[in-house]
Structure formats: C-alpha cells, structure tokens
Amino acid sequence: MVGVTLRHGVGRWFAKSRKLGSMTHFPPDSVPDAAPGRMPERQDVGILFDVLVIGAGPTGLSCAIEAQRVGLRVVLVDKGCVCNSLFHYPSHMTFFTTSELLEIGDIPFPSPNAKPTRNEALEYYRHVAAHYKLDVRQYQRVEQVTGADGDFSIRIADRFGRENVLKARKLVIATGYYDLPNYMKVPGEELSKVHHYYDDPHPYFGTDVLVIGGKNSAAIAALELWRHGARVTLVHREAEIHRHVKYWIKPDIENRIKNGEIKAYMNSSVVEITPDTAVLETPGGKIVVANDFIFAMTGYRPDFEFLESMGVRFEGKDKLPVCDPDTLESNVSGIYLAGVIVAGSRTNEIFIENGRFHGKQIAQALVAK
C-alpha cells in the first residue's frame, strides 16, 4: 500500500492516518480487539438472523453496517473474499474517483493520493469490516434460497463442498456484476491463453498479446501491457475507442495506435481462437493474427439467473429488476436489492460512489416495517 502501512498493526495505521490532515481522524474506538483477518466466532445452530446479505463488497458491507446500526443481527456471505471483485481488479489500478466518495459506515478513508489505489481500498474495507465486527462468511457460495419473507433458508457450500444452512428474516442481494464475463462464444475461447480479467503486465513481457475491446478495461490493459514490453494488438468491433473512456486514457491509447506502437483492428471481431493465433473478421475480410495470450475485455454482467431463481422479475431489454425505488425491496417480499444489480444490465450507472448509500435506504425500510 502506498503511504499507509499496516505491518505493525492497526494502531500504527490509525496513528499514520491522523497525519493526513485532509480528512477527519479515523475514530479511536475503531481499532479492533482482534487482527483484521479474524472474524467473530460463529454459533449458527438455531439462529434466525434478521438480515442476511449476499455479497461482501463495498455495497454489501455498507448494507450490513447500516442494518447492524439499527439493531438488527446481520450476517454476510460471499463466494470469495471480502471485496472479492475489487481484489480481482488490476493490481496497480488507481480509482477514477477520490477516497471520500468510497467511504462507508462514516469511517474516513485516508489516502496520501488524490485518487486511491486498489490496494489502499482493500486495506480500508478490511478495517471497516473489522471495526464493525461484521460477521462475514468468506468463501461460501450460496447454492439455493428457499422460504419466504420472515423465514428464508439459505443453503451455502464452502470450497470443499461442505454444506450448511443459514436462516434469516430478510435478504439483501448485493452481488455486483464483475464475476460473470460477457463471453464471445467463439471456438477456442476456452483455451488457457484466453483471460477475461487483467491483473498484472509482468508475465507478458516479450510476448504477443491480443486485447479485445474498446472501453476502459481494454484501453488500460493494452497500455500497461505495451509499456511493460508486450507486443500488443487491439481488436474492437466499433470504428473508434469508446467515447466514455476516461479523458486521460483515451488520447493515450489513440496516440499509441496512431503511432503504430499498438496495432489496432477497428470494426473487427474475433471469430476463432487457436493455440497460436486468432482469426479476425475485418472490413477487408478474415485475417489470422499470431498471439501468445488474449485478454477479452468484453465486459461483465449481473447474475440474472440467480436472481430469477429467487423469483425476482425483470423488465425491458436492460433487464431492470422490479424494485421499489424508495425501499429497494424487490417484487419478492423480504428480498432487497443493492448496488449495481438495481440497474440491471446498465452496469455503468451504479458504482461504489452511489451504491454505498443503498444500505441506509434498506435499513430505514426494515425499521419502518
């Protein structure tokens, strides 16, 4: 982490955060009794939780915090780690926003940078979870939800297939959208050289890399790979880089393409992948491009099937879930939606910055009931 160190415990982190005069001091009583990685011991037999939150990302954590604040007993379940999607962002990623806009639970996010890094955010959310002593069940996949409002049964399984059942009166679904890539559905996409997530450029030094896409993720991956010694080719189905690419990234990638430093095929798509090549459909016909690795940055989508399995209905081509805009309760009584899934397939409308407020909306609705 840049500028904020935890090597000697959260007390040192707290002391250092006080020196960052740009924001309020981290609350003194927020230093947890136990190390951040240790969660409360669990005694589930016979427990009926007031609220079970599926998804332990920033929005899910916020929902749990706000429900806990109004006196409800809360448990979170996530198939990965805390902030699992954020953990899978590029390792050197810098947010497009300021740290204040990522804060949850009224806990300041101190950062020495104008825009915080992925690692800073992970450290921040770990400490928020520890401060509130949230009961987070990590690496537990939800297999099935049964029951009804006031008495839901949630069947979960750990990494080894061992199952357990949790009971809750209300459910909050905050599963995000980053776990399910938009697959191209072309022959060879299942090959091990094809990746739908970009992490770090180092392993691709001196190799031929094909990047598919024309939005932020593709542009960032192409630039980082090129700057770290990869020979990069970009393929995009549109005529130009998407207009919503961040203002400091768009001219960078366009200039690299203009200068011939990154080869680009626009108005083109991948139609087949082999161990050593990719076949592109271009305006001039089919061509074969040699490559060692492929990053298919074709976007992601919410898990609509999981929501449908619980009875949540959708409307329109954007698959907007039926949801009360004031309470965020879905058409299924007792099931609330939070974060990006509220916007269906329009995943560019809700981010941490605005999804973090859904927790208060839901908590207020639960208290009113």
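Which residue takes a positive phi in the hairpin of β5 and β6? In this predicted model, the residue is Gly-161, with phi near 85 degrees. Five residues lie between the two strands of that hairpin. The hairpin of β4 and β5 has two residues between its strands. There, Gly-150 takes a positive phi, near 95 degrees.

The overall composition was examined next. The protein has 369 residues, and buried residues make up 50% of them. Nine helices and 19 strands are assigned. Contacts between residues at least 6 apart in sequence were also analysed; 61% of these join residues at least 24 apart. The accessible surface comes to about 17,800 Å². Carbon and sulfur atoms account for 50% of that surface.

Strand pairing around β6 was then traced. Strands of a sheet pair through backbone hydrogen bonds, in either a parallel or an antiparallel sense. Strand β4 (residues 141–148) runs antiparallel to β5, and seven bridges join the two. Ala-148 of this pair stands opposite Asp-151 in β5. Strand β5 (residues 151–157) in turn pairs with β6 in the antiparallel sense, over six bridges. Here Ala-157 stands opposite Glu-163 in β6. Strand β6 also has parallel pairings. One is with strand β1 (residues 48–54), where β6 (residues 163–173) contributes to six bridges. Val-53 has Val-172 of β6 as its bridge partner. Another parallel pairing joins β6 to strand β19 (residues 335–337) over three bridges. Ile-173 is matched there with Leu-337 in β19.

A further sheet is open and has three strands. Its order is β12-β13-β14, and the pairing is antiparallel. Strands β12 (269–273) and β14 (285–290) form the edges, each pairing on one side only. Neighbouring strands of this sheet are turned by 30 degrees against each other on average, direction ignored. Four bridges support the antiparallel pairing of β12 with strand β13 (residues 277–282). Within that pairing, Ser-269 stands opposite Glu-281 in β13.

Nonpolar packing was considered separately. In soluble globular proteins, nonpolar side chains tend to be buried together. The largest nonpolar core of the model holds 67 residues. Leu-61, Tyr-125 and Ile-173 have the most contacts inside this core. Helix α4 (residues 118–131) gives the most to the core, with six residues. Apart from this core lies another, of 22 residues. Tyr-178, Tyr-198, Tyr-204 and Leu-225 are among its members.

Two of the residues with the most contacts in the largest core can be placed further. Ile-173 is the residue whose bridge partner in β19 is Leu-337. Tyr-125 is in contact with Pro-58, Leu-61, Cys-83, Leu-86, Leu-102, Ile-104 and Ile-352, leaving aside neighbours within four places in sequence.

Helix packing was described last. Two packed helices are described by the angle between their axes and the distance between the axes. Helix α2 (residues 58–69) packs against helix α9 (residues 358–368) at an angle of about 35 degrees. Their axes are 8 Å apart. The crossing of α2 past α9 is right-handed. On the α2 side, the residues in contact are Ser-62, Cys-63, Glu-66 and Ala-67. They meet His-358, Gly-359, Lys-360, Ile-362 and Ala-363 in α9.

Technical notes. Residues are numbered from 1 along each chain as its sequence is written. This is a predicted model: local features need pLDDT of at least 70, side-chain atom pairs count only at pLDDT 80 or more; totals for chains, interfaces and linings use all residues. Side-chain values use heavy atoms; hydrogens and water are left out. A nonpolar core is a set of buried Ala, Val, Leu, Ile, Met, Phe, Trp, Tyr and Cys residues joined through side-chain atoms within 4.5 Å. Buried means under 20% relative accessible area, exposed over 50%, partly exposed in between (1.4 Å probe, protein chains only). Contact means heavy atoms within 4.5 Å. Two strands pair if DSSP finds at least two bridges between them. Axes are lines fitted to C-alpha atoms, for helices over the stretch in contact, and angles run from 0 to 180 degrees between N-to-C directions. Accessible areas come from the Shrake-Rupley method with a 1.4 Å probe; for residues, only the protein chains shown count as cover. A crossing is left-handed if the near helix is turned anticlockwise from the far one by less than a right angle, and right-handed if clockwise.
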